[in-house]
Every structure is written in structure tokens, then in C-alpha cells.
Amino acid sequence: MKTFITPLTAEAAVEALKAGIEAANMRVVAHINGQANAAKMGKQVPADQILEVFRPDYAIRVWEACKAAGHDIPLRIHVYENGDAVKVACRMPSAVFAPFASSQLDAIGSELDTIFDGILAKAEA
């Protein structure tokens, strides 16, 4: 798991990550905003947002390499407040695909690791 403290607010980190996702030609498949959902119930919670990220051509390659690995896509980036810190966490693609023991998935994971490193760097600014 790659986890780091960002100097950005949670909202700014999410926006920076979305820009990085777009720049990397990836897609936000879903944006789960935990604190917004809690607010709908009248509750106030620290920032907790998840970006689910992938792209159809990568999905096809994953399915061709190992259909069971389809369970683990899209990949996720978690932005959350922990005390006074805003953290960003991501289980890197190579780690997500490692349990499947597939050389094809290992290659895809390595390729995606480079892409996700670039995306995550946008929140380290």
C-alpha cells in the first residue's frame, strides 16, 4: 500500500488526483464521497473519499489475462483525514494483481504502477 500525507486539503487532493487521472488518460469510474453521504444523514465525519480508477482497454487486458482478476478492478485511491493530516492511500496495481500469479497480470500491473505513480504525485505537491 502506498500511503502518504498530502499538504493539500482533502478536496484539493481529490481535485488534483482527478486532474492527474485525466492527464494520464485514465477514467474515474466512481467517486465515493463518504462525508457528503454522511451529511445526507445529518452526520458530520472527517473527509473520506474514494476514487475508483480504470480504463476499458485495461479492463479487457485484465479479463483476457485472468477473468477472476476482474473482481479487483477498478483500482482505488483513498483520500481521508486522519487527525490533523490528510492522507492518500493506494494499493498499487502490481500488488493488487500479484495474488493471481499471472505473468500477463504482472506486466499490466507494472505498466499501471507507473501510471498510478504519476497520478499520485499530483497530490504530493
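**Strands, a helix and a pocket**

Let us start at one rung of the sheet: Glu81 stands opposite Val86 in β5. This is a predicted model, in which local features need pLDDT of at least 70 and side-chain atom pairs count only at pLDDT 80 or more, while totals for chains, interfaces and linings use all residues. Residues are numbered from 1 along each chain as its sequence is written, and side-chain values use heavy atoms, with hydrogens and water left out.

Strand β4 (residues 75-82) and strand β5 (residues 85-90) run antiparallel to each other and share six bridges. Here helices (H or I, at least four residues) and strands (E, at least two) are DSSP runs, numbered from the N terminus, and two strands pair if DSSP finds at least two bridges between them. The two strands make a hairpin with two residues between them, and in its turn Gly83 has a positive phi of about 65°. Another rung of this pairing joins His78 to its bridge partner Ala89 in β5.

From here you can walk outwards both ways. Strand β1 (residues 2-6) pairs with β5, antiparallel, over five bridges, and Thr6 of that pairing stands opposite Val86. On β4, the antiparallel partner is β3, again with six bridges; Asp48 has Tyr80 in β4 as its bridge partner. Five of the six residues of β5 are buried, so this strand is largely enclosed by the rest of the structure. Buried means under 20% relative accessible area, exposed over 50% and partly exposed in between (1.4 Å probe, protein chains only).

Now pause at Gln49, which lies in β3. How accessible is Gln49? Its relative accessible area is 2%, so Gln49 counts as buried. Beyond four places in sequence, the residues that Gln49 touches include Val14, His31, Ile77 and Val79, where contact means heavy atoms within 4.5 Å. Its side chain also makes a polar contact of 2.8 Å with the side chain of Glu11. A polar contact is a pair of N or O atoms within 3.5 Å; within protein, one must be able to donate a hydrogen and the other to accept it, and residues adjacent in sequence count only if both atoms are side-chain atoms.

Follow the chain into the loop between β3 and α3 and you meet Arg55, which is buried at 15% relative accessibility. The side chains of Arg55 and Asp57 make a polar contact at 2.6 Å. Leaving aside neighbours within four places in sequence, Arg55 is in contact with Ala24, Asn25, Met26 and Arg27.

Next comes helix α3 (residues 56-65), whose buried residues are Tyr58, Ala59, Val62 and Ala65. Why do they share a side of α3? They cover an arc of only 130° around the axis, which puts them on the same side of the helix; the arc is that of the directions from the helix axis to the C-beta atoms. An α-helix has 3.6 residues a turn, so residues three or four places apart point the same way. The cover over the buried residues of α3 includes β3 (48-54), α4 (93-97) and α5 (103-121), whereas Pro56 and Glu64 are exposed on the other side.

Finally, look back at the strands for the lining of the largest pocket, where β4 gives the largest share, four residues. Among the lining residues are Met1, Ile50, His78, Ala89 and Val96. A pocket is an open set of points, on a 1 Å grid over the protein atoms alone, with protein on both sides within 12 Å along at least five of seven lines; lining residues have an atom within 4 Å of a point.

Technical notes: 1 Å grid on protein atoms, 1.4 Å probe; cavity = no way out; pocket = protein on both sides within 12 Å on 5 of 7 lines; lining within 4 Å.
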